[in-house]
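I opened the structure to look up how its sheets, helices and cores are put together. My notes follow in the order in which I looked.

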Amino acid sequence: MIAGVARDLRAEAERANERRVLVLAGDRDRGVDAAYDAVESLGVDDGAVTMVSTREGFRFEETRPRNADELLGRTREAVVLDCHERFVPNALGRAVGAVDGGGLLVLLTPPLDDWPGIRDRFDDSLAVPPFGIGDVTGRFRERLVATLRAHPGVAVVALGDSAADDAVERDGLTGADGGGDDGAPDGPDAVGGPDERSAPPGARFPAAAYGACLTADQARALRAFESLADPGAAVVVESDRGRGKSSAAGLAAGALATAGRDVLVTAPAFRNAAEVFARARDLIGGEADGDGDEADPGSREDGANEREIRTPAGGRVRFLPPATAADVAGEADAAVVDEAAALPVRLLEGLLDAPAVAFCTTVHGYEGAGRGFAVRFRERLLDSRFAVRDVRLDEPIRYARDDPVEAWASRALLLDARPAVDAAVGDAAVGDATYRALDPDDLCADETLLGEAFGLLVAAHYRTEPNDLARLLDAPNLVARALVADGRVVAVALLAREGGLDAATRRGMYEGERVRGNMVPDVLTSQLRDEGAAAPRGLRTVRIATHHALRDAGFGARLLDEVHAEFAGDLDYFSVGYGATPRLLRFWRRAGYRTVHLSTSRNDASGEYSAVMLRPETAAGRDLLDRHAVAFRDRERDGLSDAHRDVDPDVVRGAIRACPAPGPVDLTETEWRSVVGASVGPGMYDTAPGAFRDLALAALIDGEPALDDREERLLVRKVLQGRPWEEVADELGYVSTSACMRALGDAYVPVVERYGTEFALAERERFSNE
């Protein structure tokens with residue numbers, strides 16, 4: 001029976017060039033056997049099937065749920081997702097995206113009525129101390145089950161004790177016959193073969209490249225890629241999954257290589273760039289020059305070897321892993337980055353060394369939920385030397401435009417979640433907004449409320465995933481609050497309760513055990529060696545977002561004020577950890593938060609150094625802040641010339657300005673002679689760098705004396721970070737190193753006035769009288 005259901009789904013899916021879902025709900029072992037029967041009935045090659053499971057031993061390609069990102073950018077005829085033992089929402093999003101038109105997604109689940117009440121290993125990850133797994137709810141799965149039972153294109157089979165007891169609850173058939181004109185084209189002939197689709201007038205790429213395009217969208221993207229032949233060009237191609245952006249990028253890479261260019265391609269893994277290489281190879285018409293079976297580019301481990309296609313004209317298309325590609329981007333003629341949203345911002349920045357560069361990103365899908373590209377990197381790209389051209393692809397290629405599985409996944413995982421439209425909130429006034437709790441039950445009962453709130457988080461932050469939707473609905477340590485204007489969500493905050501941990505847990509954390517979900521206590525305890533840091537109770541802002549049409553209108557500050565007022569009596573401190581930028585440091589300092597830590601390495605997702613800040617509410621909170629503020633100040637005195645030597649000076653200024661520990665100024669008379677001599681006499685900075693550091697820290701923490709921006713940057717770059725004079729002079733725009741040296745002396749004149757002892761002031765008068 002199951003084989004028949006699968007064949008019927010497959011037949012209809014192929015006719016309509018759509019996808020279908022088959023849910024096998026029941027015992028796990030029976031589900032695995034049934035999945036084999038279903039896949040065998042499809043008549044597909046085992047090599048076109050992927051099994052995503054915590055178990056091993058399947059004859060299909062295997063991957064673990066936590067490694068399901070291996071499916072990004074790939075196309076499979078069938079994917080079997082085992083939802084028993086560890087059901088990861090991210091893995092569901094990745095699995096859906098990998099299924100080709102005419103293909104089948106098979107879900108192995110517990111009985112659907114029971115599933116929301118079953119706790120598994122993913123739920124265990126939501127049970128952060130002091131909460132237990134019994135505190136985790138099943139709202140996410142309850143909502144998912146409702147979509148499986150209601151959405152077109154989803155078949156549900158309730159598995160019995162034997163095949164004879166299986167029952168088809170839904171056959172998943174939609175009645176689609178593929179006879180309409182809404183389906184995507186099946187190949188080049190559907191839109192005119194290579195001989196029929198001619199290159200546009202003035203095209204620089206060969207007609208064969210345009211002939212290989214399957215849609216007008218692809219042809220437009222290819223025309224934009226032509227600019228990569230010239231240095232200083234950047235192309236950004238955005239689309240949902242299955243719109244052909246990787247194919248267009250591959251055709252462009254092949255055309256550039258045919259003209260003798262060296263094209264560097266990178267992606268999270270080589271398998272993600274397989275389509276780029278396939279299209280480039282088709283256009284070039286040559287063989288790949290490298291070891292390994294290039295006919296199946298996804299068969300090798302990513303990053304194991306360089307992959308390369310050479311052309312008779314001396315050009316080439318080559319793949320390098322992202323970190324390596326970022327290091328050598330300047331050596332290529334052009335770089336093509338596929339699935340850019342899944343790469344850390346710091347690596348994207350390195351790829352800007354290429355003479356010309358293209359970024360292909362997925363939106364409204366799992367990859368697009370990693371918003372580093374849109375939120376953080378896009379602004380840097382627009383501020384760079386590149387002339388940026390944007391292209392959007394909307395026409396599906398791998399499956400029909402009205403594919404029901406795409407609509408189901410978008411609803412189930414909120415992959416297309418968006419904030420309210422601008423017109424609905426544009427006139428909102430901060431004083432008129434209503435503060436409200438976003439109770440998970442209310443969110444589940446109101447799809448508009450859920451979509452607008454989650455859409456704000458997706459749009460405003462660089463890392464919001466389907467897993468976060470499950471956390472929002474089920475995690476016991478999380479609460480959400482919002483500002484609502486005229487019934488629309490205009491600002492939202494996701495908050496995590498932390499700390500309040502018992503002595504045994506604190507001891508384990510101090511001795512190296514990982515304690516989930518307690519980010520700030522973990523940093524203060526395990527990294528900064530404070531065993532008592534996890535005892536006070538805190539509330540951390542995990543995410544805060546304001547509608548983009550209302551930015552800088554005070555909504556974020558108002559939301560924080562409301563949160564502070566609601567929770568102040570229930571905890572010892574508020575906290576936040578985030579990728580530090582000057583703007584965000586100012587925002588959090590104005591909200592009463594103070595710096596206690598700056599990470600020693602960049603965050604892979606944001607590309608920034610992460611700041612941790614506290615706002616105390618009780619004596620225990622103030623004691624926690626005071627001791628860590630002093631420790632932060634003392635670390636930075638030396639750390640800024642070591643681990644933090646490359647931190648943006650404006651980030652350093654903001655982080656230090658938000659440190660409440662006063663800078664200790666306890667200089668010897670010898671040190672004061674050096675400082676005064678360098679500021680108003682013949683002295684030199686190099687004779688007492690430590691004294692200059694102490695004074696610089698004090699001046700930046702206190703904000704006194706009032707130095708201008710360039711003078712403060714000079715204190716950071718030269719005195720605190722110890723950069724060479726020539727480098728500092730060039731960066732800060734001084735005409736010469738000697739002018740930079742004089743400027744440093746001048747900057748210390750008011751510093752001596754502010755912090756100088758009687759001896760120092762007398763020493764200053766000595767030179768003033770000469």
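Which residues of β16 are buried on one side, and which on the other? I found Leu478, Ala480, Ala482 and Val484 on one side and Val479, Arg481, Leu483 and Ala485 on the other, all of them buried. I note at the start that this is a predicted model.

**Entry 1: β16 and its sheet**

I counted along β16, residues 478–485, and 8 of its 8 residues are buried. The two-sided pattern fits a general rule: in a regular strand the side chains alternate between the two faces of the sheet.

Next I looked up the partners of β16. With β15 the pairing is antiparallel, over 4 bridges. One of the paired positions puts alanine 437 opposite arginine 481 of β16. With β17, residues 488–499, β16 is again antiparallel, this time over 8 bridges. Here leucine 483 has alanine 491 in β17 as its bridge partner. I also checked the link between β16 and β17, which is a hairpin with 2 residues between the strands. Aspartate 486 sits in that turn, and its phi is positive, about 50 degrees.

I then traced the whole sheet. It is open and has 7 strands, in the order β15-β16-β17-β18-β19-β21-β20, with mixed pairing. At its edges are β15 (434–437) and β20 (594–602), each paired on one side only. From one strand to the next the twist averages 25 degrees.

The mixed pairing made me look for a parallel pair. I found β18 (residues 537–546) and β19 (residues 573–579), which run parallel and are joined by 4 bridges. In this pair, glycine 538 stands opposite tyrosine 573 of β19.

**Entry 2: the sheet with β2**

I moved to another sheet, an open one of 7 strands in the order β3-β2-β4-β5-β1-β6-β7, also with mixed pairing. Why is one side of β3 and of β7 left without a neighbour in the sheet? Both β3 (61–63) and β7 (167–171) stand at the edges with a single partner strand each, so one side of each has no neighbour there. Neighbouring strands are turned against each other by 15 degrees on average, direction ignored.

I took β2, residues 49–52, as the strand to follow. Its pairing with β4 (residues 76–82) is parallel, over 4 bridges. In β4, valine 80 is the bridge partner of methionine 51, and leucine 81 is that of valine 52. β2 also runs parallel to β3, joined to it by 3 bridges. On that side methionine 51 has glutamate 62 as its bridge partner. I checked the faces of β2 too: Val49 and Met51 on one side, and Thr50 and Val52 on the other, are all buried.

**Entry 3: helix pairs**

Two packed helices are described by the angle between their axes and the distance between the axes. I looked up two such pairs.

For α27 (residues 725–732) and α28 (residues 737–755), the angle is about 85 degrees and the axes are 9 Å apart. That makes α27 roughly perpendicular to α28. Trp725, Glu726, Val728 and Ala729 in α27 touch Thr737, Cys740, Met741 and Leu744 in α28. Sorted by class, this contact has 6 nonpolar, 1 polar and 1 charged residues.

For α23 (residues 649–657) and α26 (residues 709–720), the angle is about 95 degrees and the axes are 9 Å apart. α23 is therefore roughly perpendicular to α26. Among the residues in contact are Asp650 and Arg653 of α23 and Glu712 and Arg713 of α26. I sorted this contact as well: 5 nonpolar, no polar and 7 charged.

**Entry 4: the cores**

In soluble globular proteins, nonpolar side chains tend to be buried together. Which residues have the most contacts inside the largest nonpolar core? They are Trp672, Val675 and Tyr748, in a core of 89 residues. Helix α25 (residues 689–702) gives the most to this core, with 9 residues.

I listed the contacts of valine 675, leaving aside neighbours within four places in sequence, and found Leu667, Ala691, Phe692, Leu695, Tyr748 and Val752. A second, separate core has 62 residues, including Cys83, Leu414, Leu443 and Leu469.

How values were computed:
Residues numbered from 1 in each chain as written. Predicted model: local features only at pLDDT ≥ 70, side-chain atom pairs only at ≥ 80, totals over all residues. Heavy atoms only, no water. Axes fitted to C-alpha atoms, helices over the stretch in contact; angles between N-to-C directions. Parallel < 35°, antiparallel > 145°, perpendicular 65-115°, else oblique. Contact = heavy atoms within 4.5 Å. Nonpolar A, V, L, I, M, F, W, Y, C, P; charged D, E, K, R; others polar. Core = buried A, V, L, I, M, F, W, Y, C linked by side-chain atoms within 4.5 Å. Buried < 20%, exposed > 50% of the residue type's maximum accessible area, 1.4 Å probe, protein only. Pairing = 2+ DSSP bridges.
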